[in-house]
Structure formats: structure tokens, C-alpha cells
Amino acid sequence: MPYDHRKTRALAGALTACAALTALAGCGGGSHAAAPKTPDAKATTRDPDTSTALPLAVRTVVIDPGHNPGNFRHSRDINQKVDIGTARKECDTTGTSTDAGYTEAAFTLDVSHRLRDLLTAQGAKVVLTHDADRPFGPCIDERARTGNAARADAVVSVHADGSATGNRGFHVIAPARVNSGAADTAKIVAPSRSLGEAIVRQFAGATGTAPANYLASGTGLDVRDDLGGLNLSTVPKVFVECGNMRDPKDAALLSNAAWRQKAARGIADGIGTYLKG
């Protein structure tokens, strides 16, 4: 057969086209398209979002260290009365102390720092009403406003009691139902009680101490309507009286740094239990 240049050129063109198509979808002979490469799994896996993985992420907790170490130098200022809805009470007080001179203000600030660190480690946003960074106060009404302004999920005011010798143990104070003047606790009574009950359970377990033997029928949960910090709160709030500074046995515990860490742990666990439902 005579040599046909046109057929040769056609065949060459077809082979070129086939080669190009092969790269995309295969060409002739039942060949198949190459499977698309998948990215390396390690390269596409995102690191976990640790902020949302933490148990108290996106939660706000306000810690209110009772009193202020400088209050005793500003008696005139802290004796000024403020409106708490049901009455007018002093802006603040100096707090109590042990016989050895360990003050309630020093105790509450120490426990509050420990509590802040424990909650922050769990992802919570923590706000302190003060950090001994002011001469005195804040007043009890301002302390309440701090929690309200932060729209806190929980507020805990840290204290130690100043009762008689022989009166031992801790207790938590929750707000009573109050509707008077600027005070209206209707919306926070139930959640505050739940917060208080959780702290009672966890505090007892963490510290090994019993609920107070001198009030609240030994339940560890007292309810009051005369505390401005509770009356003026619009968010769940409780006070924790960690022990009685005027009793020698309780005072020995409160003065011990290791025990204060346990106290902070108990409060933190109670807050966590409440917030996690």
C-alpha cells in the first residue's frame, strides 16, 4: 500500500490527544482515570479549640473578697451608710480576725486568689470586685453592681465568721426573697440556692470540715435578707463563711495555707458543679 502522509499525520494527532486525555480521564483500552489525591490527613486536621474544650469556657465568675486590708485605716469612709433596699447599712466593715491577728481581709484575699487560679485553669473568665488595689472598700452596693455589670453566671463572696468560741464549721449564705426599694431578688433566689447547695457539698468534701454547728440547723445553708451584697444582686450569688476565726480550732485551719487551698478547691468545685448543671 502506498505510504499516505495524511493518515500518518492523523494517527500522530490522535496519539497526542490520547496522551493528553489519559492524564485526565484515561484513553482507550478500558483505562481508568487516576483517583484524585487526598490531602494528608495530618496536614488538614485542625488543632482542637482548647478554649471551648475547657469545662468552664465562656462562663463568667465574679469573686468578691470580703472586706479590704485597708478598711481599718478608713473608718469614716466605710461607716458611711448605703441603701441595700430593705434598709441602710455601713459601706463595709473591717471584718474579724484570729486571736493571733490573722485578719479576715487577708484570709479572704488569699482564698480568692487561689479560687481565681483554679477557675481560670478551667476556662472561666474571672472578675474580682477588688484586689487590695484601692484604699478601702468597695462598698457593699458597689460589690453587687460589679457582679451585675459582668452579667456573671455566678458570684461568690468569700468570708470567715467571727462568732463565739466553740462555734465551729463553715456555712453558705443565700439570698432570701426580697422586693423593696432597689432590691428584687425574685429571679435569683432559686439559682442562688442551687449554687449554695453545690458549694456546701463540695466544700465539706474538699476540706473535711463540717457545716456550722451554731446556725442553719447544721445544713450549712443559711438564708438572709439583710445583706446588701445579696439584696442588690441581679445574678446568682452566695456568701461563703469558711469557718469561725474566733474559735481556736477553726482559726488554726483558716491560718494554714494548705487548708486554704482545700477551701478554694471546695468553692471552685461547687461553682463548677452548679455551672455544669
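## Exercises: a disulfide, two cores and a cavity

Counting pairs of cysteine sulfur atoms within 2.5 Å as disulfides, we arrive at 1 disulfide. This is a predicted model, in which local features need pLDDT of at least 70 and side-chain atom pairs count only at pLDDT 80 or more, while totals for chains, interfaces and linings use all residues. Residues are numbered from 1 along each chain as its sequence is written, and side-chain values use heavy atoms, with hydrogens and water left out.

**Exercise 1.** Find the two cysteines that form the disulfide, and work out its handedness.

*Solution.*
- Start with the sulfur atoms: those of Cys91 and Cys139 are 2.0 Å apart.
- Next, place them in the chain. Cys91 sits in the loop between strand E3 (88-90) and H5, and Cys139 in the loop between strand E4 (125-128) and helix H6 (140-149), 48 residues apart. Helices (H or I, at least four residues) and strands (E, at least two) are DSSP runs, numbered from the N terminus.
- Then take the torsion about the S-S bond: for Cys91 and Cys139 it is about -90°, so the disulfide is left-handed.
- Last, check burial, where buried means under 20% relative accessible area with a 1.4 Å probe, protein chains only. Cys91 is buried at 0%, and Cys139 is buried at 18%.

**Exercise 2.** Describe the largest nonpolar core and name the element that gives the most to this core.

*Solution.*
- Recall the rule: a nonpolar core is a set of buried Ala, Val, Leu, Ile, Met, Phe, Trp, Tyr and Cys residues joined through side-chain atoms within 4.5 Å.
- The largest one has 37 residues, and Leu119 and Cys242 are among those with the most contacts inside it.
- Elements supplying at least two residues each include H5, strand E5 (154-161) and helix H7 (189-207).
- H10 gives the most, with 8 residues.
- Now look at Leu119: beyond its neighbours within four places in sequence, its contacts (heavy atoms within 4.5 Å) include Leu56, Val126 and Ile271.
- A second, separate core of 5 residues includes Val82, Ile84, Cys91 and Cys139.

**Exercise 3.** Place Ser112 in its helix and decide whether Ser112 is buried or exposed.

*Solution.*
- Ser112 belongs to helix H5 (residues 104-121).
- Its relative accessible area is 0%, so Ser112 is buried.
- Leaving aside neighbours within four places in sequence, Ser112 touches Ile63, Pro65 and Val158.

**Exercise 4.** Which helix gives the most to the lining of the largest cavity?

*Solution.*
- H9 does, with 3 residues.
- Residues lining this cavity include Cys242, Asp250 and Trp259.
- Cys242 is itself buried, at 3% relative accessibility.

Technical notes. Buried < 20%, exposed > 50% of the residue type's maximum accessible area, 1.4 Å probe, protein only. 1 Å grid on protein atoms, 1.4 Å probe; cavity = no way out; pocket = protein on both sides within 12 Å on 5 of 7 lines; lining within 4 Å.
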